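This walk-through concerns charged side-chain pairs and one pocket. Please keep the model open while reading.

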Amino acid sequence: MTLKQIFKDWTLPIAMAAGAGGYFLFHGIGPLAPLKPAVWTAVQILTPSLIFIQLFLTFCKIELKDLRVMRWHWIVLAFQCLSALAIAAVLRYVPMNEAYREIFEGAMVCLICPTATAAAVVTDKLGGSAARITVYNLMSNILAAVFAPVVFPLVEIHDGSGFFVAFLKILSKVFPLLICPFLLAVLLKYLWPRAHDFFKAKAGVAFYLWAGALALAIGQTVRSLHNSTATALVLWMIAGAALLSCIVQYWFGKRTGRCYGDVITAGQALGQKNTVFAIWMAYTYLTPISSLAPGTYAIWQNLFNSWQLWRKNRQRNLSNNASAS
């Protein structure tokens, strides 16, 4: 097994270990302390930059003629939106202490978070449709771009700013990050085809950019956990909310997909999340501790995906053995 294959097979634990280790390295070694402000600034710049680039490379693979919306797309999208709105309504109108707000905010981010950019790779390996999940990826990203600036200021307004100030601030951050990569890829296709073909051929690099962004996001999550004053019970409840969100979304996606002959694709579309973006979004616009929910969601979804891939490979091996005998 090559080093590249080992890295691809163990991307999640390597990225998580690198992110957590990087934080404790700068936190625990005294001579590195003066560098912490510069490193923190670099992380805040690099995280959205890596997300932008990986989305752009992913969108370069899209052929406009393949962008066909299926009926299950709308059903799953409606579930994603309404479930997140339901939690937002609870946060808005039901009085609760800060600890419980962080749990609900974490669950809300896990629900509204768009589909992972690497979902097409996993879906294809599981036997689903990479094209149809790419369409839903775009739809879920647009939903997040609209949902965040409209709903987040109603839930968590920082620095005493009013709704419209927070709305414009979030819109200026979220809209370019999610929509501009797609527009750039489309324009490049028609205005500079040679450059578009070059980036399309390099689309596989998005996988490694995702690993780098994941490491940075996990570093932020560990920083939040280390500096948090929340009790162990609250932290476990946040992880539990993420697990419940993961189970519900995979279940509803697969159940809906079964009605339309697309179980795998619909399940991955709703269940496999861009947790790197969710961590950044929660940390930036909600409360830092709520970013732990998508951080733990990354663990749950990758454990489930690993089991699905193992089961798929096992079935393939059994089928090959049966054919050989």
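Arg-101 and Glu-105 form a salt bridge in this predicted model, with their closest N and O atoms 3.9 Å apart. Both residues belong to helix H5 (residues 98–112), where they sit four residues apart, about one turn of the helix. Arg-101 counts as buried because its relative accessibility is 13%, which is under the 20% cut-off. Glu-105 has 0% relative accessibility and therefore also counts as buried.

In total, the structure holds two salt bridges. Side chains of opposite charge can pair when their charged atoms come close. The other pair is Asp-262 with Arg-132, whose closest N and O atoms are 2.5 Å apart. This pair links distant parts of the chain, the two residues being 130 residues apart. Asp-262 lies in the loop between helix H12 (232–259) and helix H13 (263–271), while Arg-132 is in helix H7 (residues 130–155). Asp-262, at 7% relative accessibility, counts as buried. Arg-132, at 29%, counts as partly exposed, because that class lies between the limits of 20% and 50%.

The pocket to look at next is the second largest, with a volume of about 350 Å³. It is lined by 15 residues, and those closest to its centre are Tyr-23, Phe-26, Val-39, Trp-40 and Arg-223. Helix H2 (11–28), helix H3 (36–59) and helix H11 (205–227) are the elements that each give two or more residues to the lining. By class, this lining has eight nonpolar, five polar and two charged residues.

Key: Residues numbered from 1 in each chain as written. Predicted model: local features only at pLDDT ≥ 70, side-chain atom pairs only at ≥ 80, totals over all residues. Heavy atoms only, no water. 1 Å grid on protein atoms, 1.4 Å probe; cavity = no way out; pocket = protein on both sides within 12 Å on 5 of 7 lines; lining within 4 Å. Points joined across faces, edges and corners; volume = space filled by probe spheres on them. Nonpolar A, V, L, I, M, F, W, Y, C, P; charged D, E, K, R; others polar. Salt bridge = Lys/Arg side-chain N within 4 Å of Asp/Glu carboxyl O. Buried < 20%, exposed > 50% of the residue type's maximum accessible area, 1.4 Å probe, protein only.
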